[in-house]
Amino acid sequence: FFSLYSCASMDCQWLVDSLDDKFVSFLRKTPDALKSYEDVVQGLLKMDLDSMIGENISVQLVTELEKFEAERFALTLTMGEVKMHIALKTPEIKEEDNAGVRIQEIAIGCINRAIAGGARGSKDDNSSETAINGVSKADYYASRAKLEKEKAGEKTSEKEIALYNLQLKELDRQTYQKLILAWRNMLLHRASVYSVLKLNRDKVENPRRREYGMAL
């Protein structure tokens, strides 16, 4: 890790200070954010996907995609700032109590999995997690464009047009399903990072201090 000590030697304490508020803000805002993510999921689950027509681009679907992408970008940016905050708090590794440093490594590992996906940190844990992406407006447009182009071909029969319409309908339905999973996945990652940081805040911010008691 790029430690606070090396940062201080380069006269960039201002960077450490500027990230403190980002870290505290993430902890304070996350409970409400998690509730809002679940509200979005429940709203999407109430939609009657089987009644979708699919022949034209759904304005509502595009709006939902844009909403997810905006939140995904904001969360990815925030997690990057939290990761930097932790990294700048990491002390020089010494032959002494490194429990706090280990907690910092675990926290950064959770953030890395949220941003890039991948396996968990433990060698005994073979599970893997998907990063906070999963669906995008660009991919949706590209998939629709391909089907629309094939549908509009000069030699396309009426029977084939009907099949393309079914494919477009299914594309919309599956995109909504991917959105639901993407929001749930983002909720999972944010909750995981929050839990590690909330329960171990003192060790993360003061890895060498042997007595802890700071409250949020």
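Reader: Lys83, is that one buried, exposed or partly exposed?
Author: In this predicted model, Lys83 is partly exposed, because its relative accessible area is 30% and partly exposed covers values from 20% to 50%.

Reader: Ok, and where does Lys83 sit?
Author: Lys83 is in helix 3.

Reader: What does Lys83 touch, if I skip neighbours within four places in sequence?
Author: Then Lys83 is in contact with Ile108, Ile111 and Asn112. Gly109 can be placed too: its C-alpha is 9.3 Å from that of Lys83, with the two positions 26 residues apart in sequence.

Reader: New topic, Ser58. Which part of the chain is it in?
Author: Ser58 belongs to the loop between helix 2 (13-45) and helix 3 (59-89).

Reader: Buried or exposed?
Author: Ser58 is buried, because its relative accessible area is 16%, and the cut-off for buried is under 20%.

Reader: So what's around Ser58?
Author: Leaving out neighbours within four places in sequence, Ser58 has contacts with Tyr140, Asp172 and Tyr176. Also, a polar atom of the Ser58 side chain lies 3.1 Å from the backbone nitrogen of Leu61.

Reader: Back to lysines. What about Lys151, where's that?
Author: Lys151 is in helix 5, which covers residues 137-151.

Reader: And which side chain of opposite charge is nearest to Lys151?
Author: That's Glu148, 4.5 Å away. Lys151 is buried yet has no salt bridge, because a salt bridge needs the charged atoms within 4 Å.

Reader: Which residues does Lys151 touch further along the sequence?
Author: Not counting residues up to four places away, Lys151 touches Thr156, Ile161, Tyr164, Asn165 and Leu168.

Reader: Zooming out, how many helices and strands are there?
Author: The chain has 7 helices and 2 strands. Starting at the N terminus, the order is α-α-α-α-β-β-α-α-α.

Reader: How much of the chain is buried?
Author: Of its 216 residues, 39% count as buried. The accessible surface of the chain is about 12600 Å², and 53% of that belongs to carbon and sulfur atoms.

Reader: And what share of the contacts joins residues 24 or more positions apart?
Author: Taking contacts with a separation of 6 or more, 78% are between residues 24 or more positions apart.

Reader: Last thing, what's the average pLDDT?
Author: The chain averages 84, and 83% of the residues score at least 70. Residues 121-128 stay under 50, and the model gives them 6 contacts beyond four places in sequence. For residues 211-216 the pLDDT is also below 50, and that stretch has 14 contacts beyond near neighbours in sequence.

Key: Residues numbered from 1 in each chain as written. Predicted model: local features only at pLDDT ≥ 70, side-chain atom pairs only at ≥ 80, totals over all residues. Heavy atoms only, no water. Helix = DSSP H or I, 4+ residues; strand = E, 2+ residues; numbered from the N terminus. Buried < 20%, exposed > 50% of the residue type's maximum accessible area, 1.4 Å probe, protein only. Contact = heavy atoms within 4.5 Å. Areas by Shrake-Rupley, 256 points an atom, 1.4 Å probe, with all protein chains shown as cover. Lys, Arg positive; Asp, Glu negative; His and termini not counted. pLDDT = per-residue confidence, 0-100. Polar contact = N/O pair within 3.5 Å; in protein donor to acceptor, adjacent residues only side chain to side chain.
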